[in-house]
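Biologist: Could you take me on a close look at the charged pairs in this model, and then show me what surrounds them? I would like to follow along residue by residue.

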Amino acid sequence: MTRARGRGASMIEVLSAMSLFALVASGVGKLATGSMRYTIANRHGTAASMLAQRELEELRGRAYADILPGSYPKTVAAQLYTVATSVIDDNPAAGMKLITVTVGWTGPEGPKHYAVQTIFTAITT
């Protein structure tokens, strides 16, 4: 008895196709999860940057003598951030304040922080 060719796929062909599909699918799955991780990390970094800039703008609106260090929690899109402001008087020179705003958070990517630094000057007339 001979089997007619072309009627169907042999077991080896089916197993080969399934193995190839499994390899490609696992690679695509790994790429997708990595992409989601980076997207979340970038979203957290962008929110931290915006919080730091907002804090600097708020400090800019205060009188020079009212620029003081402080810290407070802030939640953005269900992620908790800590905004901390440090102020060093008369640095780098007299009549100037070195201000550092640091925003920290702990997400799926682990603990991270973003810092921005600037110098404010007393305006004398």
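Modeller: Happy to! Let's begin with R62, which counts as partly exposed because its relative accessibility is 31%. On this scale, buried means under 20% relative accessible area, exposed means over 50%, and partly exposed is anything in between, using a 1.4 Å probe and protein chains only. Before we go on, please keep in mind that this is a predicted model, where local features need pLDDT of at least 70 and side-chain atom pairs count only at pLDDT 80 or more, while totals for chains, interfaces and linings use all residues. Residues are numbered from 1 along each chain as its sequence is written, and side-chain values use heavy atoms, with hydrogens and water left out.

Side chains of opposite charge can pair when their charged atoms come close. R62 has such a partner in E58: the two form a salt bridge, with their closest N and O atoms 2.9 Å apart. The term asks for a side-chain nitrogen of Lys or Arg within 4 Å of a carboxyl oxygen of Asp or Glu. E58 is partly exposed, since its relative accessibility is 37%.

Searching the whole structure turns up three salt bridges. Another of them joins R60 and E57, at 2.6 Å from N to O. Both of these residues sit in helix α1, three residues apart, which is about one turn of the helix. Helices here are DSSP runs of H or I with at least four residues, strands are runs of E with at least two, and both are numbered from the N terminus. R60 has a relative accessible area of 45%, so it is partly exposed; E57, with 47%, is partly exposed too.

K97 and D89 also meet through their side chains in a salt bridge, at 3.6 Å from N to O. Here the lysine and the aspartate have different surroundings: K97 is buried because its relative accessible area is 6%, whereas D89 is partly exposed at 48%.

Next along the chain from D89 is a stretch worth a look. D90 lies in the loop between β2 and β3, and has a positive phi of about 50 degrees although it is not a glycine. With 51% relative accessibility, D90 counts as exposed. P92 is in the loop between β2 and β3 as well, and the peptide bond leading from N91 to P92 is cis, with omega near 10 degrees. A positive phi turns up at A78 too, near 65 degrees, again in a residue other than glycine. A78 is placed in the loop between β1 (residues 70-76) and β2, and counts as exposed because its relative accessible area is 78%.

Now to the interior. The largest nonpolar core has 16 residues, and those with the most contacts inside it are L56, L59, I67, Y81, I99, V101 and V103. Such a core is a set of buried Ala, Val, Leu, Ile, Met, Phe, Trp, Tyr and Cys residues joined through side-chain atoms within 4.5 Å. Two or more residues each come from α1, β2 (79-89), β3 (96-107) and β4 (110-121), and α1 gives the largest share, six residues. Take V103: leaving aside residues up to four places away in sequence, its contacts (heavy atoms within 4.5 Å) include A48, L51, Y81 and Y114.

Y81 also belongs to the one aromatic pair in the structure. Its partner is W105, in a tilted arrangement with 5.7 Å centre to centre and 55 degrees between the planes. Rings of Phe, Tyr and Trp (its six-membered ring) pair if their centres lie within 6.5 Å; planes under 30 degrees apart are stacked, those over 60 are edge-to-face, and the rest are tilted. The pair links Y81 in strand β2 with W105 in strand β3, 24 residues apart, and both residues are buried.

Finally, let's go to the start of α1, which spans residues 11-60 and holds M11. M11 is exposed because its relative accessibility is 60%. I12, also in helix α1, is exposed at 65%, and its C-alpha is 59 Å from that of A115, with their positions 103 residues apart in sequence. E13 is in helix α1 as well, and its C-alpha is separated by 60 Å from that of P73, 60 residues apart along the chain.
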